[in-house]
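Reader: I am new to reading structures, and I would like a close look at one part. Please take me through the hollow spaces of this protein, and then show me what else stands out around them.

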Amino acid sequence: MKTVDLMLSARWVVPIEPSGAVLENHSLVIHDGRIVALVPTDQALTQFQPAEHQQFVEHALMPGLVNAHTHSPMTLLRGVADDMPLYEWLQQHIWPMEARHVSEEFAHDGSLLALAEQLRGGTTCFNDMYFFPEVTAKVTTQAGMRGSIGLLLIDFASAWASDANEYIQKGLDLYDSNKTEPLLSFCFAPHAPYSVSEDNLRRIKVLADELDLPIHMHVHETAQEVNEFQARFGMRPLEKLAQLGISGPNFLAVHMTQLTDAEIDFLAESGTHVLHCPEASLKLASGFCPVHRLQEAGVNVAIGTDGTASNNDLDMFGEMRTAALLGKGVSGNAAALPAETTLRMATLNSAVALGLADEIGSLVPGKAADVIAVDLSELESQPMTSPISHLVYAVGRHQVSDVWVAGRQLLRQRRLTSIDEADLRARIIEWQKRIAAARH
């Protein structure tokens, strides 16, 4: 018998690959942080001697969810500016509050809260875009989570950088000092076509090609954005980005609620990825991403939450359900975005977009052991008809009982193992007081 670190045996395993598969009474075998085997439990017990064996008799094991787009430190701004359109929300509320509060401490505590929320909700990897990304990167590695860290660029000064040169240099320094960190990957993160100049986008394109890094950007988020850009430049934002050579397999376009048929065809031909954030787009009344049409054209669509100031949570289970229902409603087709497709969007599709599909997104031998256990025994999940259907349409994030990243257990029976919850609560209470005092 082969000695291994860990065996996870479960009533159901949903590996994502092959699509729609549900394996009953199977075990994941893990060693050195990677999946060694996925086999029937009775077979695993005769082949492997685990140092630790955990059994989940009423659970489904599945890959950790991959949050394709968020702004982690903005957890500290949860609920501060609800129920208004994007530009009023940004210009009159969010940007002024960020100017007042954003700092290394803000980024640290907000990121830590985001990690805690995501781990407790079954998310094991997130793709971030925010100020002080070096702080978010450090917190992420300390907590043992996996993160794709955005190297931010925006054409105005902030507490983090005074101009484009400083944004770019700080991003490159962060990448250079962390590029061998196994739990971190990086994207260039220019904010949007309307907030980053053409010259700076050209600079980012050159650097992205040199370093083979993706570019992660808000694009076609609202009709107002597209109309104002067209009035200013004589073309739509996506056309300008194509002109600059930015679209393609290394381009991650967030939101994309305003798309023509020709643009959808172009996205498919170029291999551009779309990062769909349904709840934030609904809350800001920004429009509807035509997910079903994108998928029919062959575009890879991933799911993200956006930040908690516009969502207002980092709940990928809720996001999957909203994505599936919205996809049906927008397309007028009840067969659009079936549960297995939606589950793949929140796992393997997101991993593909981030360039991490060889590492995460499905439970396949050789990949990293980023795994979650979801308790399906609760009354709200009964009767158990279909684990995949329940994971998308019936399960709540509170049913995530256990989480592993690279084989390390970060949530054990709903308790975080790498984050001090009491200390975190105390930090957040102080921020709540500080932000409330500044608003009055």
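Author: Start with the second largest pocket. It is lined by 23 residues, and those nearest its centre are Ser185, Phe186, Leu354, Gly355 and Leu356. Keep in mind that this is a predicted model. Three elements each give two or more residues to this lining: β7 (146–153), β8 (184–190) and α14 (348–353). Strand β8 gives the largest share, with four residues. Sort the lining by class and you get 14 nonpolar, five polar and four charged residues. The volume of this second largest pocket is about 310 Å³.

Now turn to the largest pocket. Its space comes to about 550 Å³. Here 22 residues form the lining, and the closest to the centre are Arg78, Leu113, Glu117, Arg425 and Ile428. Two elements give two or more residues each to this lining, α3 (104–120) and α16 (421–439). Helix α16 supplies the largest share, eight residues. By class, the lining of the largest pocket holds 11 nonpolar, four polar and seven charged residues.

Pockets are open, but cavities are closed to the probe. How many cavities of 30 Å³ or more are there? The count is two.

Take the largest cavity. Its volume is about 260 Å³. It has 22 lining residues, and His71, Met74, Leu90, His191 and His218 lie nearest its centre. Look for helix α2 (residues 86–101) here. This helix gives the largest share of the lining, six residues. The classes divide into 14 nonpolar, five polar and three charged residues.

The second largest cavity holds about 50 Å³ of space. Its lining can be named in full: Val14, Pro15, Ile16, Pro18, Ser19, Gly20, Ala21, Glu340, Leu343, Arg344 and Ile388. Helix α13 (residues 339–345) gives the most, with three residues. By class, seven of the lining residues are nonpolar, two are polar and two are charged.

Stay with that list, and pick out Ile16 and Pro18, which both line the second largest cavity. Ile16 sits in the loop between β1 and β2. Pro18 is found in the loop between β1 (2–13) and β2 (23–31). Each has a backbone feature to notice. First, some background. Most residues other than glycine have a negative phi, and most peptide bonds are trans. Now the details. Ile16 is not glycine, yet its phi is positive, near 75°. Pro18 is joined to Glu17 by a cis peptide bond, with omega about -5°.

Is Ile16 buried or exposed? Ile16 has 6% relative accessibility, so it counts as buried. The cut-off for buried is under 20%.

Where else does the backbone take such turns? Look at Met256. Its phi is near 50°, again positive in a residue other than glycine. Met256 lies in the loop between β10 (251–255) and α9 (261–270). Its relative accessible area is 0%, so Met256 is buried.

There is also another cis peptide bond to find. It joins Asn311 and Asn312, and omega is about 20°. Asn312 lies in the loop between β12 (301–303) and α12 (316–331).

Finish on the outside. Leu282, Phe288 and Val330 form a nonpolar patch on the surface. Together they have about 250 Å² of accessible area. Find Leu282 in helix α10 (residues 278–283). Why is Leu282 called partly exposed? Its relative accessibility is 38%. Partly exposed runs between the cut-offs of 20% and 50%, so Leu282 falls into that class.

To go over it once more, trace the spaces in this order. Begin at the second largest pocket, with β8 giving the largest share of its lining. Move to the largest pocket, where α16 has that role. Then go to the largest cavity, and look for α2. End at the second largest cavity, where α13 gives the most. While there, check Ile16 for its positive phi, and check the cis bond between Glu17 and Pro18.

Note on methods. Residues are numbered from 1 along each chain as its sequence is written. This is a predicted model: local features need pLDDT of at least 70, side-chain atom pairs count only at pLDDT 80 or more; totals for chains, interfaces and linings use all residues. Side-chain values use heavy atoms; hydrogens and water are left out. On a 1 Å grid over the protein atoms alone, a cavity is a set of points where a 1.4 Å probe fits but cannot get out, and a pocket is an open set with protein on both sides within 12 Å along at least five of seven lines; lining residues have an atom within 4 Å of a point. Grid points are joined across faces, edges and corners, and a volume is the space filled by probe spheres set on the points. Ala, Val, Leu, Ile, Met, Phe, Trp, Tyr, Cys and Pro count as nonpolar, Asp, Glu, Lys and Arg as charged, and the others, Gly among them, as polar. Patches are made of residues with over 30% relative accessible area and no salt bridge: like charges are joined within 9 Å, nonpolar side chains (Val, Leu, Ile, Met, Phe, Trp, Tyr) within 5 Å. Accessible areas come from the Shrake-Rupley method with a 1.4 Å probe; for residues, only the protein chains shown count as cover. A salt bridge is a side-chain nitrogen of Lys or Arg within 4 Å of a carboxyl oxygen of Asp or Glu. Buried means under 20% relative accessible area, exposed over 50%, partly exposed in between (1.4 Å probe, protein chains only).
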